[in-house]
Amino acid sequence: MSMIIHLAPGKPGQSAVAYPHYHIERPCRILVIGSQLKAKTKYQALLRHISIGGAMLDFNAAIPLPKHFFLEIDGFKEEIGCAEVHRSGTELGVRFNMLLAQEFVSTLIRLQFSSGL
């Protein structure tokens, strides 16, 4: 599995930034906003890796996605803004529009550990 999403491109004159990533297996949904910001289409996916900067998902390769969408992780109410940065077969790498709080990622890891998944 590629770790492309965990390398954030640097600004001009700066080098790229790598964030620590964590292996997770958690159901999630991709939320696609319809025209006029009204309808949402939800697709099932599986979260495989996460960092504060992005995530790697298993997702149906046959479903086209827009460049930007939201990610909803089971057990959390937040809808995380994402952009697709890598797609190969069922592997979908996303970059978050804003860095996640480390506390959010830590809570996700604890939840994963306590659920025994």
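**Note on a predicted barrel model: cysteines, strands and aromatic pairs**

1. By the distance rule, the disulfide count in this structure comes to zero. Cys28 takes part in no disulfide, the nearest cysteine sulfur being that of Cys82 at 9.0 Å. The same statement holds from the other side: Cys82 is in no disulfide, and the nearest cysteine sulfur to it belongs to Cys28, 9.0 Å away. Because a disulfide requires the two sulfur atoms to lie within 2.5 Å, the separation of 9.0 Å excludes this pair. Are these cysteines buried or exposed? Cys28 counts as buried, at 0% relative accessibility, and Cys82 is likewise buried, with a relative accessible area of 0%.

2. The model is predicted, and its confidence should be kept in view. The mean pLDDT of the protein is 85, with 80% of the residues reaching 70 or more. Among the elements, strand E5 (residues 54–58) has the highest mean pLDDT, 96, whereas strand E1 (residues 7–8) has the lowest, 55. Where pLDDT is low, the predicted coordinates should not be read in detail. The placement of E1, at a mean of 55, is to be treated accordingly.

3. The main architectural feature for this note is a closed barrel. Six strands form it in the order E3-E4-E5-E8-E7-E6, and their pairing is antiparallel. From one strand to the next, the twist averages 45°.

4. Several of the strand pairings can be followed residue by residue. Strand E3 (residues 22–33) pairs with E6 in the antiparallel sense over four bridges. Cys28 stands opposite Ile73 of E6; this is the Cys28 that counts as buried at 0% relative accessibility.

5. Strand E6 also pairs with E7, again in the antiparallel sense and over four bridges. Within this pairing, Leu71 has Ile80 of E7 as its bridge partner. The hairpin of E6 and E7 has six residues between the strands, and Gly75 takes a positive phi near 95° there.

6. How many bridges join E7 to E8? Six bridges connect strand E7 (residues 80–88) with strand E8 (residues 91–96), and the two run antiparallel. One of the residue pairs concerned is Glu84 with its bridge partner Val94 in E8.

7. Turning to the aromatic residues, a search of the whole structure finds two aromatic pairs. In one of them, Tyr43 and Phe59 are arranged edge-to-face, with 5.9 Å from centre to centre and 75° between the planes. Tyr43 belongs to strand E4 (residues 40–50) and Phe59 to the loop between E5 and strand E6 (68–73), so the pair ties together parts that are 16 residues apart in sequence. The two partners have unlike surroundings in terms of accessibility class: Tyr43 counts as partly exposed, at 24% relative accessibility, while Phe59 counts as buried, at 3%.

8. The other pair, Phe76 with Phe104, is tilted, at 4.7 Å centre to centre and 50° between the planes. Which parts of the chain does this pair tie together? Phe76 lies in the loop between E6 and E7, and Phe104 lies in helix H1 (residues 102–115), so the pair links parts that are 28 residues apart in sequence. Phe76 and Phe104 are both buried.

Definitions and conventions:
Residues are numbered from 1 along each chain as its sequence is written. This is a predicted model: local features need pLDDT of at least 70, side-chain atom pairs count only at pLDDT 80 or more; totals for chains, interfaces and linings use all residues. Side-chain values use heavy atoms; hydrogens and water are left out. Two strands pair if DSSP finds at least two bridges between them. Axes are lines fitted to C-alpha atoms, for helices over the stretch in contact, and angles run from 0 to 180 degrees between N-to-C directions. pLDDT is the predictor's confidence in each residue, from 0 to 100. Buried means under 20% relative accessible area, exposed over 50%, partly exposed in between (1.4 Å probe, protein chains only). Rings of Phe, Tyr and Trp (its six-membered ring) pair if their centres lie within 6.5 Å; planes under 30 degrees apart count as stacked, over 60 as edge-to-face and the rest as tilted.
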